[in-house]
Amino acid sequence: MVAVGRTDAELAVAIDAVASLIASTDPRPPMCRCWRVEGWEDLQPKLNELSKRGAFGDMRALITDPMVHTLGIVGTPNNGAAEIARRFGAVADEVCCYFPGTRRGVRTSSI
């Protein structure tokens with residue numbers, strides 16, 4: 001998941017879209033292992049309960065900016081690309097990026 005923007009306003013919209021996507025995934029094993037490493041395991045039952053009530057806005061409110069930065073890529077197009085290369089360049093020749101909330105959709109790029 002990639003949140004990119006050329007302006008602060010574009011970036012804020014993109015971050016919100018990624019955070020909403022993270023909230024809606026309602027992490028379950030094995031994803032919960034990742035959340036446990038980060039100390040977020042207590043959020044899963046809360047997200048699950050809120051999803052059963054359809055309280056999607058409340059779910060989004062539980063996802064912090066540090067969570068978005070950890071689970072996604074955040075920044076301008078240039079520094080976002082550099083972060084993708086830093087994280088995945090040693091282990092992947094290509095990555096598939098999802099840009100929720102934008103018209104960019106899914107892109108596959110060489111690293």
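Two residues are in contact when heavy atoms lie within 4.5 Å. Keep that in mind as you look at the whole chain: of the contacts with a separation of 6 or more, 45% join residues 24 or more positions apart.

What you have open is a predicted model, in which local features need pLDDT of at least 70, side-chain atom pairs count only at pLDDT 80 or more, and totals for chains, interfaces and linings use all residues. Residues are numbered from 1 along each chain as its sequence is written, and side-chain values use heavy atoms, with hydrogens and water left out.

**Stop 1: the whole chain**

Switch to a cartoon view. The chain has six helices and four strands; here helices (H or I, at least four residues) and strands (E, at least two) are DSSP runs, numbered from the N terminus. Follow the cartoon from the N terminus and you meet the elements in the order β-α-α-α-α-α-β-α-β-β.

Now turn on a surface. The accessible surface is about 6800 Å², and carbon and sulfur atoms own 53% of that; the area comes from the Shrake-Rupley method with a 1.4 Å probe, and for residues only the protein chains shown count as cover. Of the 111 residues, 34% count as buried. Buried means under 20% relative accessible area, exposed means over 50%, and partly exposed is in between (1.4 Å probe, protein chains only).

**Stop 2: colour by confidence**

Colour the chain by pLDDT, the predictor's confidence in each residue, from 0 to 100. The chain has a mean of 85, and 85% of its residues reach 70 or more. Which elements have the lowest and the highest mean pLDDT? Strand E4 (residues 105-110) has the lowest, at 45, and strand E2 (residues 73-75) has the highest, at 95.

Select residues 105-111 next. Their pLDDT stays under 50, and the model has 24 contacts beyond four places in sequence for them. Where pLDDT is low, the predicted coordinates should not be read in detail.

**Stop 3: helix H1**

Select residues 8-24, which form helix H1. Try the distance tool on the end C-alpha atoms: they are 24 Å apart, which agrees with the 24 Å that 17 residues should span at 1.5 Å a residue. The expected span is 1.5 Å times one less than the number of residues.

Show the side chains of Leu 11, Ala 14, Ile 15, Ala 17, Val 18, Ala 19, Ile 22 and Ala 23: these are buried residues of H1. Ser 20 is also found in H1, but Ser 20 is partly exposed, with a relative accessible area of 29%. From Ser 20, look across to Ala 61: the two are 41 residues apart in sequence, yet 8.5 Å apart in space, C-alpha to C-alpha.

**Stop 4: the nonpolar cores**

A nonpolar core is a set of buried Ala, Val, Leu, Ile, Met, Phe, Trp, Tyr and Cys residues joined through side-chain atoms within 4.5 Å. The largest one has 19 residues, and those with the most contacts inside it are Trp 35, Leu 47, Ile 63 and Val 68. Two or more of its residues come from each of helix H1, helix H3 (43-53) and helix H5 (65-71). H1 gives the most, with seven residues.

Click on Val 68. Leaving aside residues up to four places away in sequence, Val 68 touches Ile 15, Val 18, Ala 19, Ile 22, Ile 63, Ile 73 and Val 74. Another core lies apart from this one; it has seven residues, including Val 2, Val 4, Ile 84 and Val 95.

**Stop 5: the salt bridges**

Side chains of opposite charge can pair when their charged atoms come close. In a salt bridge, a side-chain nitrogen of Lys or Arg is within 4 Å of a carboxyl oxygen of Asp or Glu. This structure holds four.

Begin with Asp 16 and Arg 60, whose closest N and O atoms are 2.7 Å apart. Asp 16 lies in helix H1 and Arg 60 in helix H4 (residues 56-61), so this pair ties together parts that are 44 residues apart in sequence. Asp 16 is partly exposed, at 36% relative accessibility.

Then move to helix H6 (residues 77-88), where Arg 86 and Glu 83 are three residues apart, about one helical turn. Their side chains meet in a salt bridge (2.7 Å, N to O). Glu 83 also forms a salt bridge with Arg 87, again with closest N and O atoms 2.7 Å apart. Glu 83, Arg 86 and Arg 87 are thus linked in a network of salt bridges. Arg 86 is exposed, with a relative accessible area of 59%, while Arg 87 is partly exposed, at 27%.
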